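Subject: The model you asked to look at

Hi,

Here is the structure I promised to pass on. Have it open while you read, and my notes follow below.

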Amino acid sequence: MKIPLILFAVLYPVALLSAAAPQALRFDDVTEEVGLGEMHGYHSAWGDFNNDGWVDLHEYKNVWRNDQGQFTLVAELKGTGVWGDYNNDGFLDLVCARDDQLYRCGLGKHFIEANPNKPVLSSGRRYAAVWGDFDTDGFLDFYVTGSEERNVTIFFPDILVRNLGRGSFEHVWTTPVKRSARGVTAADFDEDGDLDIYVSQFRRERNLLWQNNGYAGFRNVAKAFNATAKHSHSLGASFGDMDSDGHLDLVVGNMGQPGPVFLQNGGPHDEWHFTDKSELAGITYVPSHGAPGLGDFDNDGFLDLFLPARKKKEACALYRNNGDWSFSDVTEKTGLADLRGSRQGNWADFDNDGDLDLIAAGKLFRNSGNDNAWVKIKLLGTENNRAAIGAQARIKLGERRFTRQVEGGTGESNQNDLTLHFGLGPPRTRPVEVTITWPGGEMQKATVDVNTTTVIEEE
């Protein structure tokens, strides 16, 4: 039985936003001011685990609750994980690939070890996991990278773990290749209703793109679809609609030459093949660039790019998307010029003022904001997984079609906020129509007010 649509705007407090927001955007270090104290800078995942409308933070092995813009340490776990509601009870749980841990969130208050519910994860030095309902049965599964033995070039396969729907899991697939996998992310790049998986490989191996063929399983189409990303030391990748044409493109972070790779999704007209746009990007090469973080920090409608540099002597960079596959370096003008040595680069609107804030190098940076319009949408599955991971939402304005997806993890177990954020450009008051594509391919339309957060439940 399907549940009727529930649609409502949530006006969260915006005490941290002044009436006249400055146009010269800056990022200010507010780590100590908001109570985060010392962080590790190794990993970060944003997710509202207690459903109070303020996004919380899992950083390294600590869970910080966001109390209306101030953070309180509430748990010290045994692993670094990504958020997903595996039992569909409405509260976000954690899978920690590297540490072979599974945590269930109890009513948004505490975290309970649930390791007997899952198989032992793959051998080797696991780096990452990604949540996704890969068989579209309404329950979140997860994929784990196998990587290699420490200091020994013995590689292990990746594994896919299926959710049985009773709060337990089984190991259902081992990849036929063994490589040094580092990062993993998932998206329905070919818009056929099921989630595909992109795996970033270290040691100059070709990256993998596992196309989900439903009951027929997965097929590696990276070479055939031009998505191998040039045999580098790849640490992570992000799917995102970089050119606002409605299709999910791919940005691959490479540690070493040739640097980041930008791949345009050709959509149905090019049978979902990718075209390399890297020469147009204008990115300054840094040898230790890590997994890219995508987010529209200036609310102009185009996804911008944060590129962390892993080595402490090398600078991270923030690039503004110019909308034509070129990017402008705005690191210095936004106040991030001294940021070095980070494995993080994740976006979330932690203070609910409508613009995206950044966590990087163990610090939280608040976005000063501007007066561009925005929309935030929290999706809730009913027939699909409750966290709506794998769902896509699109807003069409003129010739531009902004696309966002609910992610189950990216890079080396990092994660942006599951609440979708759209910048809409110049100020506007008229509502906008959003089209949601749920996992499995069912579509739903809704009208939402601008400059608000709207919760949309699956029909």
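Let's start with the largest cavity: 24 residues line it, and Leu294, Arg404, Gln405, Asn416 and Asp417 are the ones nearest its centre. To unpack the word, the search uses a 1 Å grid over the protein atoms alone, and a cavity is a set of points where a 1.4 Å probe fits but cannot get out; a lining residue has an atom within 4 Å of a point. The elements giving two or more residues to this lining are β19 (233-240), β23 (293-295), β27 (346-348), β32 (400-405) and β33 (420-425). Of these, β32 has the largest share, with three residues. (The β labels are strands, meaning DSSP runs of E with at least two residues, numbered from the N terminus.)

Before going on: this is a predicted model, so to speak of local features we need a pLDDT of at least 70, side-chain atom pairs count only at pLDDT 80 or more, and totals for chains, interfaces and linings use all residues. Residues are numbered from 1 along each chain as its sequence is written, and side-chain values use heavy atoms, with hydrogens and water left out.

How big is the largest cavity? Its volume is about 310 Å³, where volume is the space filled by probe spheres set on the points, and points are joined across faces, edges and corners. In the whole structure, five cavities of 30 Å³ or more turn up.

There is also a largest pocket, of about 300 Å³. A pocket is an open set of points with protein on both sides within 12 Å along at least five of seven lines. It has 14 lining residues, and Phe134, Asp135, Asn212, Gly214 and Phe218 are closest to its centre. Strands β13 (156-163) and β14 (169-179) each supply at least two residues of that lining.

Now for a sheet. Four strands form an open one, in the order β15-β16-β17-β18, with antiparallel pairing; two strands pair if DSSP finds at least two bridges between them. The edge strands, β15 (181-187) and β18 (218-220), each pair on one side only. Three bridges join β17 (residues 208-212) to β18, and Trp210 has Asn220 in β18 as its bridge partner.

Finally, confidence. The chain averages a pLDDT of 92, and 94% of the residues score at least 70; pLDDT is the predictor's confidence in each residue, from 0 to 100. Be careful with residues 1-8, where pLDDT is below 50, and with residues 11-22, where pLDDT stays under 50.

Cheers

Note on methods. Contact = heavy atoms within 4.5 Å.
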